[in-house]
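Here is a friendly walk through one model, with the coordinates open beside the text. Keep your viewer ready and select residues as they come up.

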Amino acid sequence: MEVSGKLLSSQLLSLLKNGQWKKDDAVKLFEALMKEFNGRNEDFHTWMMKLLHQVEIHKIEAELIFKNDNMIVDNIEAKINKIAQNTEEKSLDEILEEISKQAVIDNQTMAEVTDIVSSVSKCLSDSTAPHLQGIKQDLFKICKAVQKKSKNKITPRVTQMVSWCILVLSKSSRLVQVGTGEGKSCIVAMFAAYQVMKGKTPDIISSSPVLAKRDAEEWSAFYNELNITVDANTNKSKDTELKKCYEHQVVYGTTQDFAGDFLRQRFHRQDVRPKREFQCVIVDEVDSLMLDKGLEVVYLNSNIPLMESLNVILAEIWLIINQLKRLDTGEILGPIQLFSKVLSEIIHENKNIHPHSIVQISVDAAKQLDNASVGQTESFLTMFVRNFPEYLFKIYEEGPDGTLGKLNEINPADTNKKQEISVLLLGNGKCRLVHYEEDSLVKSLGKIIKKSFQSESNREQNESRIPGHQDLINGKMQTWIENALQATKMTLGHEYILHGDGVVPVDFSSTGVVQNNMRWGEGLQQFLEMKHQTKLSNMGLITNFMSNVGLFKKYKNNVYGITGTLGEQTELDMLKKLYDGIDTCKIPSFRRRKLYELEGMVISEEDEWIRTVCNVVKHQVTSTVYRGPRAALVICETINRAERFHRTLAGTISKHKLKLYVNNNMDNSTIIKSTVQAGDVIIATNLAGRGTDLKVCKSVNEAGGLFVVQTFLPLNIRVEQQAFGRTARQGSRGSAQLIMCSSHFSDSVKLVMGLNSSLTSLLSRLSQLTATLMLCGSTDKLFEEALNHYLKNHSSQTHEAMVSALTALLTTKSFPSQSWNLEMAKNARNIMVKSRLSSFLEKDIPKIISKEELFSEYLDVLDNVYEDDVFSDQRDVIVSCLHECWGLWLLMNFSEEKPIETLKDQLKVDLSIAKQKLLSKQSPSSMVYYYIRSGSNLREKGRLVESIEMYTKALEKDASGEIIPLYNRALATIMKKDTGYIAKALADLKKADMAIDSYKSHLAQILTYVISSVQEPKMKSNALLIKQFRVKCIIVDLLKMNIQDAVMKLKRIETRRGEVRLSEKHTIFLAGNFMNWVISRTDMSLAEIIALSLIDDFITRAEIRREDVNLTEKFAQFWAEHFVKRAENREDENLPERVSGRRTSSFLPDDFQAEDPIHSSARVLIELLMEFEHIMSLGLNTIFYLEVALSYNGFFSKLFNLT
C-alpha cells in the first residue's frame, strides 16, 4: 500500500509538472475520481492509476474534462475513456483558425484557401467535378490521382490540401512546417504535379539518396496518372543516364546530386543536363539543408599530382605533434631538441646581431652545450644574457611527478624590453621549449618544419600570383599544424569512425549520419588517417564547388520547402534575410497531438547519469499493475556513448530485445523496418532522429506508445523536436524525456552558464530549501495517511483532511527543482545558436558567396578557352593546367578582407598571364605536370621533337619527380630514332631506374614518421597504411622491371646492332609478366600474388583500350560479366542479380570474412587498380615494350672492326 500511495502522489504531481495542469484542477480531478470510486469492489490504487495513466498517455488537458470550474464532474471515468478513444481529425475551420493565430498569411489568402479546400473536399467522392474551375479543378485532379495511384490509395487529408493551397497561392518562396508523420511526401508530390501543370520542371530535393529514390518510385504511378514523367538522379554514373533523367518533368535527388550534375555540365563539360533550367525547387527537410547544412559544399574530385608530394611534410608535422607533452597545469612542452640548435635559431632571428658574431656564437654554443649538463647550460646562458640583455630566460626542470619546477630566471636588469623564453632543460644538451598557449606553439613548430623543407634556391619571381610548391608550404604550414593539433583532440566514435579503408566524418551533432562522401580539408583528414594508420589519401585541391546556399539561390524566388521543424524565430529571421522574400507557415497536425513530455533532468556525474537513464528505460519497458510494457528509444550524442548504454543495459535487457542503431553503413532494416514490440529498447544516435519512422505494435501503443529519452543537450530546438517526433505520430500516444549530463556540455555552453553562476547558486539553494521542507513535512506520508483514513471512514472531516494534504503535497513538490538547470542549459544553448547564426549570416555566407562569384569568373574564362580556336592544339592539357592554377590561386589568394571586385580583377589578370604562358608552352607556376601532360599529348600526335623538349623542361624544373618524365622522354627518343638515340634512351632509363629507388626511400621516410608517431605499439603491425605503401612499391617495382628489360634490350642492340620494334600498351600491362618478377621475390604475400594473377587474367581476357582510365569500374564490370556467364552455364538465375547489385569495389561473394585470404587479395586488388589509375594521372598513361631484330651483317661488321 505504501508503494502504491507514493506512485499515486507521483502520478498526480506529474500532471502539474508535465501535463500543464493547474494545482486546483488536479485536486478537483482527484476529488471527482474519489467520488466515483465510492462503493466499487476493486483495488482503489490500481483503478486510480489506470485512469490517471489514461490522462497522461492521451495528454488529456483539464479543459477537456471540466466545463464548469465550480462543479465536480460526474461519470469521470466514462468521460476520460471517451476523450481517449476520440480519433477524429480536426475540421477545416479548426485548422485555419490555428493558422490565423500565427498572423503570417493575409486574410484574402486565407479566404481563398477556405474556398478551394471546402469546394474540393465536397467532390472527392465523385469521379469528376466539371463545375470546378482553375486551381480548384487542378487540386481535384491531383487529389483523385492520389486516391487512385498512391501507395495506400489514400485520400489527401484536409491539412495536406491546406498546405498545398498555401504553397500554390504564395507569391514568392514559402517554407511550411508539417508535423512528423503528417504526410509530407504526399504534399511534395501534389505540389510538384501542380508546377508541371503550369509548365515548370520542378526539382525535388530529399535529405538522402535512399529517400529520393524511394519517393520517386512510390509516387511514379501518381505522376503517370497525370501524364507527368518522373525520375531520380541518384546512383547514375553514365552521362547518357543523367541526360535522360533530366529530360523528365519531375526529378528527385539530393543537393549533392543536383549540385554535382551542374558542375559536371558547367565545369567538366559533360553533357548531362544541357537544357534543364533552375525553375522551381521543393526541399524536403528544408531546415536541415538550409540551416544545419547551409554551408555544405559539393565538389567533384580533381586529381592534383602536386598534393601527393606534401604527404612527407604532413607526416613530419604529425611526428613532431606527437612528441609534444601537455601538462595538467596547462603548459605545453615542445619537441625535444638540442639546446644549441634552439639558441642558434634565436640568434639568427635577431637582426641586431652581426652575422660574423652569429657564426662565432653558434660555434661556441655547439662546443659548450652539446652533451652539457643542466648546470653547464645554465652557466652558459648567464654569460649569454650578459652579452645580449634583450633576452630573458626562464629555466625549468621536470619533477618526479611530471610537473614543472622553476629552476632559475636569468634576467638582466638594465633593460625593460626583453624577449621572454621559457625552456625545460633535460640534460645531455637537450631541452623542450615551454609554451603557455597554442598560438606560440604553432609559430615555433612552423619555424622548425619550414626550415626542413625550405627550397635551397630562391623561388623564381612570377608575374602572376599563381602559387607553386614552396608557396603552399609557406602559406599553409600554420593551418596544417593547427589541424594536426585538432586531430589529437578528436575521438573515434565521436566526430568520426573507421569505415572501409579510411576515416569517415560523423554528423553527430545534427543527423548522426556517417558522411561517406565527406572529407575534411587542410590536412585534417590526413592527420586522422595517420593517427589510425589507415590508407593515406592526398590533400584535395578544390577547383569546382557549389554550396547549398548557392544551389538554392539559383532558383531565385521559387524555393519551396517542407519540414517537421522550422525552428525558433531567430532561425526563421535568418532564413528570411538570406533568401529574399521567403515566407514561413506552420501547419497544425490533423489530430490532437498526444506527446507527453516528462520533466527533464540535468545530472552532474556521468556514472549517475548512466544509471538514471538505464533505470528510467527499464521502468518504461517493464509492465506494471496499471499498464503493459512499453518500448523505448534512447538517443545518444555519439556512437561511443550509445555503445556504452548498450553494454550497460545488456545485463538486464534480453539480447533479442536490445538493438543498436548508430551506423548507416550497416544493415539496419531489422530495426527501422520491423514493428517495434513490447520490451524493445533501441539505442541510437541522432541517426534515429530525423526521417526515421518507427512503427509500434498494438500492445505498445495501448501501454502508452514509444518512450523516447534524449541523453544530451541537442544542438538546437529543431534537433530536439526531431528526436521527440519519433513518437506520438499521427495522433498516437507517446512520451519523451531529456536526461543530460552537465559534464558533456560544450565549453561554450558551460561558459555562458557560468556567467549566470549567481542565479545558479540561488536556484540551488532554493532547491535545497524545498527538499528540506519536503523532508520535514513528510508531505507524501501525510497524504497517504489522510487518504487511508478517508478510505476507511468517509466523512466530511476525513475528506477535508485528505484534500488539504494533497494540496500541501502538490504545492510543496511542484517546485521545478530540475527544470531550472535544464532551462539554464537550454538558454545557454540558444544563446550559442544565435551566435552561430549571426556568424553564419555575417561571416560564413558572405565568404562562400564571394568564392562562388570568383568561381563564376573562372567559368567565364573557361568558356573562352573552349570557344577560342587558339587553344585547340592542346586544349585538354591547357584546361587541366588552368584548373590547377585556379585551385591554387583560390587556396592561397582568397581573403575575406579584400573587396570582391579587387579579387575578381586580380583573378582575371593572373589567369590572363597564365593563358599567355600556356600558349607559349610555359608552365604558369613552378609545377611541372603541365610539361609532362603536354609532352605526352605532343608525342601521341607524332610531334616528337616538341615532346622531348617538354619532358626536358619538366626535368629542369623539378628533380624530385623524375621517374615519369625520364621514362616518357626515353619512349619519345626511341620513337624518334635520330642519331645516338639508343645512348640517350639508355641514359634516361638508367636515371629512371635510380629515381625509383629514391621514390621508395621517400615512401619509407613517410612510413617511418607515421609509425614512429604511434603511441600504441599494437597499431604498428598489419596497418592499412603499410599495405597501401607496399602496393605503391609493387607498382614501381613492376615499372622498374619494365625499365630493366628495355635497358637490357637496348644494350643488346648497341653491341650487336639491329632494329628496335616498339609497342605501346596501357599502363596496367605492367602486371602482365608479374610471375617473372614474383619468382625473384621472397616477401610477396599470398594475397598480393592472387591479386596480381587476377589482374593478369583481366589483361588477357578483357578488351582494355589505352583511353580506359577508370580501371576499378572496368574490372568490376568485367568480373560481373564473368559471373553472369558462369551463372548461365550453371543455370543459377539469382547470381547475375546478386553481382549487378554490388558496389564497384565489391565483386567477391558477400560471405567472405576480413581474415579470409581471398578477401584480403580483393583489398590488394582494389588498391593495385587505384594505384594504376593514380600513376596514369601523373602522366604515365602508357608503357612500352621493345622487341629486338638483330642484324647479322651489322654484328659481323662490328666484330671485324673490333678485331
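## The largest cavity

Ten names are worth selecting here: the largest cavity is lined by Asp501, Lys535, Leu1024, Lys1027, Gln1028, Val1031, Ser1160, Arg1163, Val1164 and Glu1167. Two elements, H41 and helix H46 (1157-1177), each give two or more residues to this lining. By class, the lining holds 5 charged, 3 nonpolar and 2 polar residues. Please keep in mind that this is a predicted model.

How much space lies in the largest cavity? The computed figure is about 130 Å³. Across the protein, the count of cavities of 30 Å³ or more comes to 3. As background, rolling a probe the size of a water molecule over the atoms shows where empty space is left.

## The second largest pocket

Now for a space that is open. The second largest pocket has a volume of about 1,100 Å³. Its lining has 47 residues, and those closest to the centre of the pocket are Lys59, Arg593, Leu595, Glu597 and Gln721. Sorted by class, the lining comes out as 19 charged, 17 polar and 11 nonpolar residues.

Which elements supply at least two residues each to this lining? They are helix H4 (62-65), strand E18 (583-587), strand E19 (594-597), helix H29 (717-724) and helix H34 (819-867).

## Lysines with positive phi

Lys59, one of the residues closest to the centre of that pocket, also has a backbone feature to look at. Its phi is near 45 degrees, a positive value in a residue other than glycine. Most residues other than glycine have a negative phi, and most peptide bonds are trans. Lys59 sits in the loop between helix H3 (44-57) and H4. With a relative accessible area of 23%, Lys59 counts as partly exposed, because buried would require under 20%.

Lys977 also has a positive phi, about 55 degrees, and is not a glycine. You will find Lys977 in the loop between helix H39 (963-976) and helix H40 (981-1013). The relative accessible area of Lys977 is 38%, so this residue is partly exposed: the value falls between the cut-offs of 20% and 50%. One further case is Lys921, just after H36, where phi is positive at about 60 degrees.

## Helix H36

The helix that comes before Lys921 covers residues 900-919. Helix H36 has 20 residues and spans 28 Å from its first C-alpha to its last, close to the 28 Å expected at 1.5 Å a residue.

Which residues of H36 are buried? Leu903, Leu907, Leu911, Ile913, Ala914 and Leu918 are among them, and so are Lys904, Gln906, Asp910, Lys915 and Lys917.

## Nonpolar cores

The largest nonpolar core has 181 residues, and Ile313, Ile317 and Ile1068 touch the most other members. Helix H41 (residues 1024-1056) provides the largest share of this core, 14 residues. H41 is also one of the elements that give two or more residues to the lining of the largest cavity.

Setting aside residues up to four places away in sequence, Ile1068 touches Ile1095, Phe1098, Ile1099, Ile1104, Leu1111, Leu1169 and Phe1172. There is also a second, separate core of 70 residues, with Met34, Phe37, Val617 and Tyr790 among its members.

## Two local views

Ala232 belongs to strand E3 (residues 230-232). Is Ala232 buried or exposed? Its relative accessibility is 6%, which means buried, since the cut-off is under 20%. Leaving out neighbours within four places in sequence, Ala232 is in contact with Ala212, Lys213, Ala216, Cys245 and Tyr252. Between Ala232 and Ala216 there are 6.2 Å, C-alpha to C-alpha, with 16 residues of separation in sequence.

Asp115 is in helix H7 (residues 107-121) and is partly exposed, with a relative accessible area of 37%. Asp115 and Lys136 are 8.9 Å apart, C-alpha to C-alpha, and 21 residues apart in sequence.

## The whole chain

Stepping back, the protein has 47 helices and 27 strands. Of its 1203 residues, 52% are buried. Among contacts between residues at least 6 apart in sequence, 73% join residues at least 24 apart.

Definitions and conventions:
Residues numbered from 1 in each chain as written. Predicted model: local features only at pLDDT ≥ 70, side-chain atom pairs only at ≥ 80, totals over all residues. Heavy atoms only, no water. Helix = DSSP H or I, 4+ residues; strand = E, 2+ residues; numbered from the N terminus. Expected span 1.5 Å × (residues − 1). Buried < 20%, exposed > 50% of the residue type's maximum accessible area, 1.4 Å probe, protein only. 1 Å grid on protein atoms, 1.4 Å probe; cavity = no way out; pocket = protein on both sides within 12 Å on 5 of 7 lines; lining within 4 Å. Points joined across faces, edges and corners; volume = space filled by probe spheres on them. Nonpolar A, V, L, I, M, F, W, Y, C, P; charged D, E, K, R; others polar. Core = buried A, V, L, I, M, F, W, Y, C linked by side-chain atoms within 4.5 Å. Contact = heavy atoms within 4.5 Å.
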